[in-house]
Each structure stands twice: as C-alpha cells, then as structure tokens.
Amino acid sequence: ILIANADVPENNYIYLYNYYSLCELDIDPRYEAYEQFVDQNLYGADVSDMERMFLIVLRFFAAMANSKKDAFEKFLSSSMRLNLIEVGSVSFSELVSHFIDDSSVALEDVLKIVEKLLDKEFYFSLDKTQRRSIFNWSLHSLWLVERYFNHPSWVSLYPKWKDIFYEHIARDECDEAMYVHFYIYHKMGNSFQTQAEWKMFNDEIDRPASEYYRGWCERASLPKCKAAVSDGKKIIGFLWDRLVMNSPFKVAYSLWKALYSNPDFRANYEIKIYSMSYFEKSLNDGECLNMVENLGIEVFDGAVPFYDDGLYHSHLSKALYIRQKMIEDGVDIMIHGSCYDINDFLVSSRVAPRQIFWSHGNHEYDVKEIDKKITHCGLQGCAYDFESFTVPMDVETFYTPYRDPRLIEQERAKYPKDAFILGVIGRLVKVDSDEYLQTIAEIMRQNPNTIFIAAGSGNMESIRAKVEKLGISDRFYMPGWVDAHVYGHIIDLCLNTFPLSQGESLNEYYNKGKSFIGLYDKTDIDFAKSERVMSIVKDIEKELLGGSKEEIEAVAYIKKFAESINLGFVCKNNEEYVSRASLLINDAKARESISLYLRKVNKYNNRTGIKNFMTALEG
C-alpha cells in the first residue's frame with residue numbers, strides 16, 4: 001500500500017527491522033527498484049542531508065523487506081555521514097539510538113561498520129563535514145545506546161582513531177586533528193583502569209599532539225604570554241573542561257572556596273576560571289556556575305562564539321579564543337588537569353610564565369612546557385615528581401547533604417531485608433575488572449548474608465556476563481545512576497575497586513560515618529608507612545588518644561587487626577582483602593573505628609590543605 005501510493009515510510013519504520021530480520025523473504029522487484037534508485041541518487045549534488053535521511057530510511061525498509069543481509073549495515077553507514085544538526089531537527093539520531101537499544105544488534109556488529117567508515121582511505125575520501133559526522137554520530141547516537149554506553153569493546157577502535165589522528169597531523173589539518181584528539185581522550189579516558197594505559201596515551205597521543213601544536217603555533221607567530229610571574233598580586237588561571245557536578249568539580253570548588261576564605265591567599269592571588277565548555281559532552285551546569293561566581297571568581301566561557309555552530313564548531317578557533325583571553329588577562333600561573341586537545345594546545349603554546357599540571361589520577365602526563373606537577377591524590381611510585389597537597393573538602397555541601405530518611409527507607413526496601421549490603425558508587429568501568437569481581441564473589445561465598453550493589457552507569461552488559469559466570473548474579477544489583485547521598489546510607493560497607501580505585505565517591509561515602517577497605521599495591525603501602533605519612537598519623541593518633549572514650553577505644557581496636565591505625569583499611573593482597581572484608585562484615589565495632597579514624601584524617605587535611613597548596617604553587 002505504501003509503495004503503491006508513491007509514499008515513503010515514516011522514520012519509525014526502521015523499528016520493523018526487529019521483526020523482518022527474523023524472516024527469510026523472497027525478493028520482490030518493487031522493493032529492489034527502490035534500493036537501486038536510492039543507491040544511484042543518494043549522494044547527488046542537489047540532494048540535502050534531510051532528503052538523504054528519507055532516502056536512507058526508504059532503502060532500509062526496502063532492503064529489510066527483501067531480507068538483504070547488508071540492510072542494517074548500509075543504513076547505519078549512510079546515516080553516520082549525515083549532518084547531525086540538520087537531521088537533528090527531526091531527532092533522527094535520537095530515534096536511531098532508541099531503535100538500536102531496542103534491537104538485538106550486537107555492539108561488535110556496529111563496531112565492524114564503524115571500522116569500515118574509519119578506514120583511512122575511505123575516511124579521507126569524504127569531505128570535512130562528513131568526516132566530523134562519523135565521530136559526531138559515534139558520540140551522540142551510538143555512545144548513548146544504553147547497552148553500548150562505555151562498553152569496553154569501544155577501545156578496539158583505538159588503532160583506527162590513532163591512524164586518523166596521525167594522518168590529520170601529517171596533512172597539517174590542525175582543527176580536525178584537535179577534534180579527533182578530543183574524541184580519543186573522551187573514549188579512552190572513560191575506559192582506562194591503570195597507569196600503564198595513561199602512559200600509553202601520553203606517549204602515543206599527548207606528546208605527538210603537543211609537538212605538533214607547538215610547531216603549528218610557532219608557524220602562526222602567535223603572541224607570546226608575559227615573560228615572568230608578577231611580583232605583586234598574581235592571577236591563577238584554572239583551565240577547566242566544563243563546570244558540571246562531577247568529582248573533579250567538587251574537589252576544585254572545595255579548594256577554591258577554601259582559598260577565597262583565606263586572607264593571606266586573597267591578598268596575594270586572584271583566581272580566574274577558563275572553561276573550554278565542551279558542550280559535545282554536556283553544557284556548563286548553571287548551578288555550578290552560580291556556586292563559583294558567588295565565591296567572587298570570574299568564569300570565562302570559551303565557547304560563547306561557537307554555540308551556533310554546535311557539534312561542528314572549530315576546536316582550533318576555540319583554543320585560540322581562550323588563549324587570547326588568558327594572555328590579555330595576564331595570567332601568571334595556569335593550572336590544568338586534563339589531556340584534551342585544547343589543554344595540550346594551550347600548554348604547548350604557553351599561555352602563562354608558570355604552567356602546572358594538577359593530576360586527578362593520571363600521573364603519567366608529561367609534555368614539554370609543563371613546569372611542575374601537583375596532586376591531591378596519593379600518587380606514588382611513578383616516574384615523575386609531584387608536589388602533594390590536601391584539599392579541604394566542603395563536607396556539608398558535597399558529602400553530607402540532608403536526605404529525607406523516608407526516601408532512604410524506600411530505596412533500602414528494594415533489597416532483601418536482612419542482607420548486609422556491600423557495594424560501590426561511581427563509574428562502572430572501575431567495577432568491570434576480572435580480578436576485582438572474582439574477589440567480590442569469594443567474599444560473598446564466605447558471607448552468604450551479603451548482597452552487592454554496583455551503582456553507576458556504563459559497562460553493565462560486560463559486568464552481567466562476568467557475575468553470571470561467577471555464580472553471584474542473583475545477589476548482584478546494578479540499579480544504574482543513583483543519588484549517592486541516599487545510597488551512601490544504604491550500603492553497609494564499601495569494597496573499594498581495583499586496580500582503578502574509587503575517587504570522590506569514596507570520600508562521599510565514608511564521610512557519612514561508614515568504613516571501607518581497598519587493595520593497594522606495594523608502593524601505596526610503602527607510602528602509607530613512609531616517614532612523612534607516619535608523622536601525620538602520629539599527630540592524628542595523639543588527637544584521638546586525647547579525645548573521647550570512643551576515640552581512644554578506636555585506636556586500640558584498629559591495632560588489633562592492623563599494625564598501624566592508617567592501615568586499618570589498607571589490604572596488601574587479595575587474601576587479606578577477603579579476610580578483612582569478612583572481619584568488617586561481622587564486626588560493627590571495627591567498622592565504626594575505621595570510620596572515626598577516616599573522619600579525623602579529613603579534619604586534619606582541612607587544617608593543613610591551604611598551606612600545602614600555596615607551598616606547592618610557589619615551591
């Protein structure tokens with residue numbers, strides 16, 4: 001009827017593939033004629049991308065009705081060359097995401113299609129918009145398919161991305177090289193679990209990128225930054241990817257708030273924040289902007305001239321725009337903490353006389369024009385020198401905000417009533433570790449009264465397959481994204497992930513009066529026993545022993561099962577991790593003692609954090 005009326009199918013006819021793909025139908029020449037018509041006219045010079053979209057859907061419908069094996073491949077391959085903004089007016093990419101999520105199409109099959117699009121010879125036969133469209137569709141349609149989100153198989157495309165990135169550099173296509181750099185960092189950074197992976201990224205992406213960007217800037221004869229740090233009041237420019245309520249922002253905001261509450265700092269420094277505003281990921285959060293501006297800190301939005309160009313805007317132009325502003329402002333000290341394209345471009349072209357890398361977990365970043373490295377993390381055993389400081393966290397804002405007890409009770413009622421709840425909250429890529437899940441399974445086997453909650457997004461399909469094999473799937477829950485301040489009260493004991501540890505989510509958890517354990521390597525344990533740390537521990541122990549009866553008892557109790565109070569939650573190997581977990585599951589007093597000590601550590605850090613940061617800044 002549709003064909004007889006010379007009509008074209010609605011876009012949602014693509015859902016019929018879920019049914020037609022189950023059938024083996026005879027070839028109907030009427031449908032074949034439409035396939036041939038689309039193949040001959042799809043890329044005609046006078047055809048718009050909106051018209052191409054309707055043609056692609058028509059061909060997909062005709063091909064599936066004739067049981068063509070390549071129907072889906074042709075559909076997706078052609079769709080990913082469409083201008084995402086043009087077809088976005090009818091939400092086509094969103095429709096495709098939902099259709100794939102509801103289908104049985106495996107990610108591996110999709111990756112084979114994308115891999116063909118990224119074949120270097122084919123990719124560079126396309127125009128600039130189509131090349132960008134392939135990446136835009138990958139990020140804004142395929143990445144958002146719930147079954148595919150942050151799936152570990154995405155990294156299989158890394159060799160293709162890298163080859164394209166190198167070729168853009170060889171062709172001196174700086175803007176496209178920068179976008180591909182951004183894309184690789186986004187995809188790989190969401191999957192990395194080890195410092196070895198970060199080292200690979202630094203060696204294969206950051207260093208080549210920085211060398212190229214520096215050369216490009218020299219050829220462009222860009223204006224130089226000021227020659228030296230000012231003798232008087234200094235401007236610290238924080239380069240930020242975007243201001244959203246994530247862990248790096250919570251750490252940074254707490255630091256900024258504490259610094260601006262310190263008269264000595266205010267007398268000698270002024271902070272300005274330069275947002276790269278990667279709206280490809282998400283827009284700046286208005287609440288975060290207001291929080292920062294209410295501190296009296298200026299935020300510069302580096303994307304203002306580029307919002308109209310949307311997902312096809314120039315990263316090179318944005319970098320130059322931010323660079324010009326930082327130089328005009330006379331930034332004395334630039335601090336950044338990411339490996340995006342604009343970070344490396346600005347560092348390599350030098351925007352301030354002193355440039356500092358602030359590690360939030362990646363301690364393998366090392367490019368020219370970085371003058372020093374600082375971190376609030378306990379990074380040890382790496383090849384580079386970091387100056388450490390502690391961040392005085394805004395506990396009430398980020399760690400212990402009020403939640404209605406009735407809401408907590410409602411969520412808790414979703415799980416077995418008498419179960420002891422183990423779990424973690426955060427990105428599931430950290431949970432998706434064979435060694436970690438095997439250890440969790442052993443703990444649960446030894447403690448049949450336990451269940452495990454892995455709360456967060458990404459990697460669900462991969463984790464489900466692993467826990468099924470381990471025989472714990474009936475006691476293993478993945479509720480997706482949750483309110484951490486509700487689930488922080490529901491989870492009885494946090495079993496910190498490894499090899500990639502939890503970050504701010506762990507601090508949010510134990511500040512609610514809970515305890516955790518973690519598996520740490522030899523360098524971490526040596527650091528915990530180092531002279532500097534033991535000096536701090538002695539100070540804290542002295543405070544505890546001079547405190548309440550509960551605090552005095554806590555020290556003695558932790559020392560029953562750990563040689564030092566700061567090793568109460570530190571496990572040297574998997575066997576100790578399992579035994580320590582069983583101890584804490586069955587001993588409320590042990591959990592309370594560790595929790596009390598951890599909260600005391602936070603208070604100590606809050607007293608010393610600003611001094612340490614200012615020393616790291618100037619030292």
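1. Let's start with how two of the helices meet. H20 crosses H27 in a right-handed sense. H20 covers residues 434–446 and H27 covers residues 574–586, and their axes come within 10 Å at a crossing of roughly 40 degrees. Angles from 35 up to 65 degrees fall between roughly parallel and roughly perpendicular, so H20 counts as oblique to H27. Keep in mind throughout that this is a predicted model.

2. Who does the touching there? On the H20 side you'll find Glu435, Tyr436, Thr439, Glu442, Ile443 and Gln446, and they meet Asn574, Tyr577, Val578, Ala581, Ser582 and Ile585 of H27. Sorted by type, the residues of this H20 and H27 contact come out as 6 nonpolar, 4 polar and 2 charged.

3. Next up, H12 and H17. H12 is residues 195–219 and H17 is residues 341–349; they pack at about 55 degrees, with axes 8 Å apart. That angle makes H12 oblique to H17. The crossing of H12 and H17 is right-handed.

4. The side of this contact that belongs to H12 consists of Asp206, Ala209, Ser210, Tyr213, Arg214, Trp216 and Cys217, while H17 brings Asp341, Asp344, Phe345, Ser348 and Ser349. By type, the contact of H12 with H17 has 5 nonpolar, 3 polar and 4 charged residues.

5. Phe345 deserves its own point. Which residues does Phe345 contact, leaving aside its neighbours within four places in sequence? They are Cys174, Met178, Tyr213, Trp216, Cys217, Leu316, Ala319 and Leu320. Of these, Tyr213, Trp216 and Cys217 also turn up on the H12 side of the contact with H17, and Cys174, Met178, Leu316 and Ala319 come back in the next helix pair.

6. That pair is H11 and H16. The axis of H11 comes within 7 Å of the axis of H16 (residues 315–329), and the two cross at roughly 90 degrees. This puts H11 roughly perpendicular to H16. Cys174, Asp175, Met178, Tyr179 and Phe182 of H11 meet His315, Leu316 and Ala319 of H16. The residues of this contact split into 6 nonpolar, 1 polar and 1 charged.

7. Now the nonpolar cores. Which members of the largest core touch the most other members? Out of its 100 residues, those are Phe72, Phe75, Phe92 and Phe345. Helix H11 (residues 174–189) supplies the largest share of this core, with 10 residues. There is also a second, separate core of 72 residues, and Ile440, Ile451, Val486 and Ile565 are among its members.

8. Two residues to look at outside those helix pairs. Is Lys469 buried or exposed? With a relative accessibility of 77%, Lys469 counts as exposed, since the cut-off for exposed is over 50%. Lys469 sits in helix H21 (residues 460–470). If you pick Glu176 as a reference, its C-alpha atom is 43 Å from that of Lys469, with the two positions 293 residues apart along the chain.

9. His489 is the other one, and its home is helix H22 (residues 484–490). At 36% relative accessibility, His489 is classed as partly exposed. Setting aside neighbours within four places in sequence, His489 contacts Ile408, Lys512 and Lys514. The C-alpha atoms of His489 and Tyr509 are 8.0 Å apart, and these residues are 20 apart along the chain.

Terms used:
Residues numbered from 1 in each chain as written. Predicted model: local features only at pLDDT ≥ 70, side-chain atom pairs only at ≥ 80, totals over all residues. Heavy atoms only, no water. Axes fitted to C-alpha atoms, helices over the stretch in contact; angles between N-to-C directions. Helix = DSSP H or I, 4+ residues; strand = E, 2+ residues; numbered from the N terminus. Parallel < 35°, antiparallel > 145°, perpendicular 65-115°, else oblique. Left-handed = near helix turned anticlockwise from the far one by under 90°. Contact = heavy atoms within 4.5 Å. Nonpolar A, V, L, I, M, F, W, Y, C, P; charged D, E, K, R; others polar. Core = buried A, V, L, I, M, F, W, Y, C linked by side-chain atoms within 4.5 Å. Buried < 20%, exposed > 50% of the residue type's maximum accessible area, 1.4 Å probe, protein only.
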